[in-house]
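Me: I should like to go through this model by question and answer, beginning with its overall form and then turning to single elements and residues.

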Amino acid sequence: MIRIFRYHPSGPWPDLDWVQLEISSKCNASCIYCPQSEYRRNWQNSQVSLETIRSLLPSLAATNHIHLQGWGEPFTHPGILEILTMCKSAGHMVSTTTNGSLLSSDSIEEIVTRGLDIIAFSLAGMDKRNDTIRLGNSLKKTLAAISGIQKAKAKHGTDKPRIHLAYMLLRSGLDDLARIPDFFGNVGVDQVVISSLSLIVRPELADESFTTMNHEEYSDMRMRLHEMRYTSKAQGVDVFFHVVSPQLENTMCSENIAGALFIGSDGGVSPCVMANIPVKGDVYHYLQGIRIPHEKIIFGNINNQRFIDIWNQKEYRRFRRSFSKDHRRFICNYCQKLQIDDLSGDMDW
């Protein structure tokens, strides 16, 4: 049963599972599968202001978890450490996802002492393959950052932040799966979340998506993922996968639109990150060879509207109900988040 509304008993704000807050849409990398690389001419760089966050946080009093990341690299924001402190002081669990390239020994010390709960590092390989896919990133720097965090945690006698890997699995990298348990077990990672391409920004990337697999190929891949997850558990690493399946079309979105939302760095409030790519003009993505225009879904802006008013507005309520009635918006009907094969178990997040 879909949860359309849920309010906190001590106030008028919605009781959300999490809010994904894009503090910066800027990025210092050029990953081949990222829309920022393909849409560079249309991309809008912006950063959320500290004052906007101060004004927003009281409205998120009932929200457990704030994830500081969107389409950009969060550590390009000069005030990220202050944002972390504000969110922690307000009582939230706080996480972020980073490419790790901008982490210094000083910033590592700060995120540990300021209480960041989870830090996830993005990877797409366990050797030079990662660096050729995630241009401008370095596996060596990522591993150094992880090592630095482990040392800082030991120094301060804390188990936070927990270290996650956000691993992009491309079809051409399937043979790397068998290496994951030993590799990440030795690195000291707590959890690995494996995802696949859910937004194809160039036709030539279609072959890297699992939606191009036939039933036999996909069944083999899924079996390998399950085997790898079991082996990783023995190494002390929890592995989960959220991969796009050619065989599924769920009635509910994997983005939890009834209990979560996305706030862009320009203040725009959307049901999920896929509905708010920071571009101007016409851009397209591809699904089964079909060229599909990107449609933004923005229900308001926290810079000039109250958060609770945005959440309660008629159009947003209608959108949340649309999934239970199977009358989804155009962008949602053509979104591969409806085809996520989810093995999430007891993920930290």
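Reply: The radius of gyration is taken over C-alpha atoms, and the globule rule is 2.2 Å times the number of residues to the power 0.38. This is a predicted model, in which local features need pLDDT of at least 70, side-chain atom pairs count only at pLDDT 80 or more, and totals for chains, interfaces and linings use all residues. Residues are numbered from 1 along each chain as its sequence is written, and side-chain values use heavy atoms, with hydrogens and water left out.

Me: What radius of gyration does the protein have?
Reply: The C-alpha atoms fill a box of roughly 50 × 50 × 40 Å along the principal axes. For 349 residues, a compact globule would have a radius of gyration near 20 Å. The protein agrees with that expectation, because its own value is 20 Å.

Me: What percentage of the residues in the protein is buried?
Reply: Buried means under 20% relative accessible area, exposed over 50%, and partly exposed in between, with a 1.4 Å probe and protein chains only. The protein has 349 residues, and the buried share of them is 53%.

Me: Among contacts between residues at least 6 apart in sequence, what percentage joins residues at least 24 apart?
Reply: A contact means heavy atoms within 4.5 Å. The protein has eleven helices and 15 strands; helices (H or I, at least four residues) and strands (E, at least two) are DSSP runs, numbered from the N terminus. Of the contacts between residues at least 6 apart, the share that joins residues at least 24 apart is 75%.

Me: Why do the buried residues of H3 line one face of the helix?
Reply: In helix H3 (residues 80-89), Ile80, Ile83, Leu84, Met86 and Cys87 are buried. Seen down the axis, they line one face because they fall within an arc of 165 degrees, the arc being that of the directions from the helix axis to the C-beta atoms. An α-helix has 3.6 residues a turn, so residues three or four places apart point the same way. The value that accounts for the single face is thus the arc of 165 degrees.

Me: Is Ser89 buried or exposed?
Reply: Ser89 lies in helix H3, which is followed by Gly91, a residue with a positive phi near 95 degrees. What covers the buried residues of H3 includes helix H2 (50-56), strand S3 (65-68), strand S4 (93-98) and helix H4 (105-113). Ser89, however, has a relative accessible area of 63%, so the residue is exposed.

Me: How many residues apart in sequence are Phe262 and Gly70?
Reply: Phe262, in strand S10, counts as buried at 0% relative accessibility. Residues up to four places away in sequence aside, Phe262 touches several residues, including Gln20, Trp71, Val269 and Gly70. The C-alpha atoms of Phe262 and Gly70 are 8.2 Å apart, whereas their separation in sequence is 192 residues.

Me: What is the relative accessible area of Leu169?
Reply: Leu169 is found in the loop between S7 and helix H7 (180-187). Not counting residues up to four places away in sequence, Leu169 touches Leu174, Leu177, Ile194, Ser195, Ser196, Phe210 and Leu225. Leu169 is buried, and its relative accessible area is 1%.

Me: Which residue does a cis peptide bond join to Lys160?
Reply: Most residues other than glycine have a negative phi, and most peptide bonds are trans. The bond that follows Lys160 is cis, with omega about 5 degrees. The partner of Lys160 in this bond lies in the loop between helix H6 (139-156) and strand S7 (162-168), and that partner is Pro161.

Me: What is the phi of Asn256?
Reply: Asn256 is found in the loop between strand S9 (238-244) and strand S10 (260-263). Its phi is positive, in a residue other than glycine, and is near 60 degrees.

Me: What distance separates the C-alpha atoms of Ile340 and Phe241?
Reply: Ile340 is in strand S15 (residues 340-343) and is buried, with a relative accessible area of 9%. Ile340 and Phe241 are 99 residues apart along the chain, and their C-alpha atoms are separated by 9.2 Å.
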